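Welcome! Please take a moment to look over the sequence and the 3D structure below, and then we will walk through them together.

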Amino acid sequence: MFGLGAATRIYLAAGATDMRKGFNGLYGLVQDRLQCDPMSGHVFLFANAQRNRLKLLFWDGTGLWVCAKRIEKGRVHWPEADAGQAGWC
């Protein structure tokens with residue numbers, strides 16, 4: 001799998017993300033909404049509107065990881081996107 005160092009930041013995409021997005025779609029969201037380099041080694045997390053599916057985008061130095069999780073019971077607590085924010089926290 002991959003290891004995270006002490007300098008690795010974890011970014012949450014506030015609000016809902018379309019879970020049909022794959023490598024290129026999530027890569028574009030990181031570049032456009034956060035104006036960050038998806039290949040920075042930081043972790044970028046996304047959730048759907050029902051908060052029962054998560055996706056993670058991570059560069060490990062050799063390629064991009066996209067990992068998905070389906071929550072079977074309940075849902076995760078997730079920040080909402082404010083009108084004036086870029087949608088990240």
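## A starting point: Tyr11

Tyr11 has a relative accessible area of 16% and is therefore buried; buried means under 20% relative accessible area, exposed over 50% and partly exposed in between, with a 1.4 Å probe and protein chains only. Phe44 also counts as buried, at 0% relative accessibility.

Before going on, a word on the basis of this report: this is a predicted model, in which local features need pLDDT of at least 70 and side-chain atom pairs count only at pLDDT 80 or more, while totals for chains, interfaces and linings use all residues. Residues are numbered from 1 along each chain as its sequence is written, and side-chain values use heavy atoms, leaving out hydrogens and water.

## The overall plan

The protein chain contains one helix and four strands, where helices (H or I, at least four residues) and strands (E, at least two) are DSSP runs numbered from the N terminus. Along the sequence they follow the pattern β-α-β-β-β.

Of the 89 residues of the protein chain, 35% count as buried. Among the contacts in the protein chain with a separation of 6 or more, 58% come from residues 24 or more positions apart; contact means heavy atoms within 4.5 Å.

## The sheet

How are the four strands ordered in the sheet? They form an open sheet in the order β1-β2-β3-β4, with mixed pairing; two strands pair if DSSP finds at least two bridges between them. At the edges are β1 (10-12) and β4 (64-70), each of which pairs on one side only. From one strand to the next, the twist averages 20°, based on axes that are lines fitted to C-alpha atoms, with angles from 0 to 180 degrees between N-to-C directions.

β1 and strand β2 (residues 43-47) run parallel and are joined by three bridges. Strand β3 (residues 53-59) and β4 run antiparallel, with seven bridges between them, and here Leu57 stands opposite Val66 in β4. β3 and β4 form a hairpin with four residues between them, and Gly61 in the turn has a positive phi of about 105°.

## A stacked pair of rings

Tyr11 stands opposite Phe44 in β2. How many aromatic pairs does a search of the whole structure find? The search finds one. The ring centres of Tyr11 and Phe44 are 5.4 Å apart and their planes are at 10°, so the pair is stacked. Rings of Phe, Tyr and Trp (its six-membered ring) pair if their centres lie within 6.5 Å; planes under 30 degrees apart count as stacked, over 60 as edge-to-face and the rest as tilted. Because Tyr11 lies in strand β1 and Phe44 in strand β2, the pair ties together parts that are 33 residues apart in sequence.

## The helix and the core

The end C-alpha atoms of α1 are 16 Å apart, which agrees with the 16 Å that its twelve residues should span at 1.5 Å a residue; the expected span is 1.5 Å times one less than the number of residues. Leu26, Gly28, Leu29 and Val30 of α1 are buried, and what covers the buried residues of α1 includes β2, β3 and β4. After α1 comes Gln35, with a positive phi near 55°.

The largest nonpolar core has ten residues, including Tyr11, Phe44, Leu26 and Leu57. Such a core is a set of buried Ala, Val, Leu, Ile, Met, Phe, Trp, Tyr and Cys residues joined through side-chain atoms within 4.5 Å. α1 (23-34) and β2 each supply at least two residues of this core, and the largest share, three residues, comes from α1.
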